[in-house]
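Reader: Please take me closely through a single part of this model and its surroundings, in connected prose. I would like the cut-off behind each term as you come to it.

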Amino acid sequence: MTLKFEAKEYTTKNFNANDFRAILRRMPEPSDAAADANEPSLEEQIAAYQREFQDLDPQVEKVVSALQRLNRRMNVAYGRQTATLGLSNAEWEVLKALVLSGAPYRMGPGELAKHLGLTPAAMTHRIDRMANEGLVTRERDEANRVRVIVELTHEGREKWREAMRLASAFEEDLLQDLDGDERRILGEVLTRLLRRVEDAQPDAEGRLSDLA
């Protein structure tokens with residue numbers, strides 16, 4: 001399915017579409033042997049779509065479908081990595097939110113729930129589990145006894161750092177065929193696409209309840 005958003009110009013410094021085409025030419029072709037045996041190739045999928053929906057733009061569909069498959073497979077890879085550390089994807093998201101908040105890595109449960117797109121009940125369940133594992137602490141705010149503060153522990157931060165080390169190795173391998181300039185151009189192109197979706201779907205941040 002192709003989503004059409006309102007046209008809006010997003011400029012990127014030093015971006016050249018020909019440079020992006022050069023990146024695509026250098027990327028290795030996907031191996032059919034590496035694909036899921038139960039999933040059609042991109043070409044097969046697009047051909048089937050065109051059979052049923054003649055107005056389909058195959059170039060647009062190939063880009064969108066490739067991004068969707070890449071995102072799905074990357075999420076699986078990250079999930080396997082965090083699992084080796086005894087972390088769930090859901091717990092990783094909490095650790096990430098606390099780290100991004102900056103030292104002293106503290107947030108309220110309501111703030112975390114809003115950030116992760118969770119209900120208060122789901123957030124409470126997640127914090128309970130992580131506190132029992134020693135990844136976070138949960139204490140009353142001394143300045144406001146009604147308010148609860150969730151704080152990242154040393155163990156929790158070390159778990160986050162180890163997950164980042166594993167992810168960095170995976171990501172470097174993923175982009176091994178691109179040099180520095182190509183990585184910059186690809187990053188700028190994907191950022192433009194992200195901005196377009198963010199503009200069209202401003203309420204889509206978070207939505208992580210499926211990870212609970």
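Author: Among contacts in the protein chain between residues at least 6 apart in sequence, 63% join residues at least 24 apart, where contact means heavy atoms within 4.5 Å. What you see is a predicted model, in which local features need pLDDT of at least 70 and side-chain atom pairs count only at pLDDT 80 or more, while totals for chains, interfaces and linings use all residues. Residues are numbered from 1 along each chain as its sequence is written, and side-chain values use heavy atoms, with hydrogens and water left out.

The chain comprises eight helices and three strands, arranged along the sequence as α-α-α-α-β-α-α-β-β-α-α; helices (H or I, at least four residues) and strands (E, at least two) are DSSP runs numbered from the N terminus. Of its 212 residues, 26% count as buried, a term that stands for under 20% relative accessible area, with exposed being over 50% and partly exposed in between (1.4 Å probe, protein chains only).

The part I would single out is helix H4, which spans residues 89-100. H4 packs against H6 (residues 120-132) at an angle of about 90 degrees, with the two axes 11 Å apart; axes here are lines fitted to C-alpha atoms, for helices over the stretch in contact, and angles run from 0 to 180 degrees between N-to-C directions. H4 is therefore roughly perpendicular to H6, since angles of 65 to 115 degrees carry that label, whereas those under 35 count as roughly parallel, those over 145 as roughly antiparallel and the rest as oblique. On the H4 side, Ala 90, Glu 91, Glu 93, Val 94 and Leu 95 meet Met 123, Arg 126, Arg 129 and Met 130 of H6. The residues of this contact comprise five nonpolar, no polar and four charged, where Ala, Val, Leu, Ile, Met, Phe, Trp, Tyr, Cys and Pro count as nonpolar, Asp, Glu, Lys and Arg as charged, and the others, Gly among them, as polar.

H4 also packs against H7, with axes that come within 10 Å and cross at roughly 105 degrees, so H4 and H7 are likewise roughly perpendicular to each other. Here Trp 92, Leu 95, Lys 96 and Val 99 of H4 meet Gly 156, Lys 159, Trp 160, Ala 163 and Met 164 of H7, and the residues of this contact divide into six nonpolar, one polar and two charged. Leu 95 thus takes part in the contact with H6 and in the contact with H7.

Beyond H4, the backbone of the loop leading to strand S1 (106-107) deserves attention. Pro 104 lies in this loop, and the peptide bond from Ala 103 to Pro 104 is cis, with omega near 10 degrees. Tyr 105, which is in the loop between H4 and S1, has a phi near 60 degrees, a positive value in a residue other than glycine. With a relative accessible area of 17%, Tyr 105 is buried.

Helix H7 leads on to one further feature: it holds Phe 170, which pairs with Tyr 78 of helix H3, 92 residues apart. The centres of the two rings are 5.4 Å apart and their planes lie at 80 degrees, so the pair is edge-to-face; rings of Phe, Tyr and Trp (its six-membered ring) pair if their centres lie within 6.5 Å, and planes under 30 degrees apart count as stacked, over 60 as edge-to-face and the rest as tilted. Tyr 78 is partly exposed at 22% relative accessibility, and Phe 170 is partly exposed at 23%.
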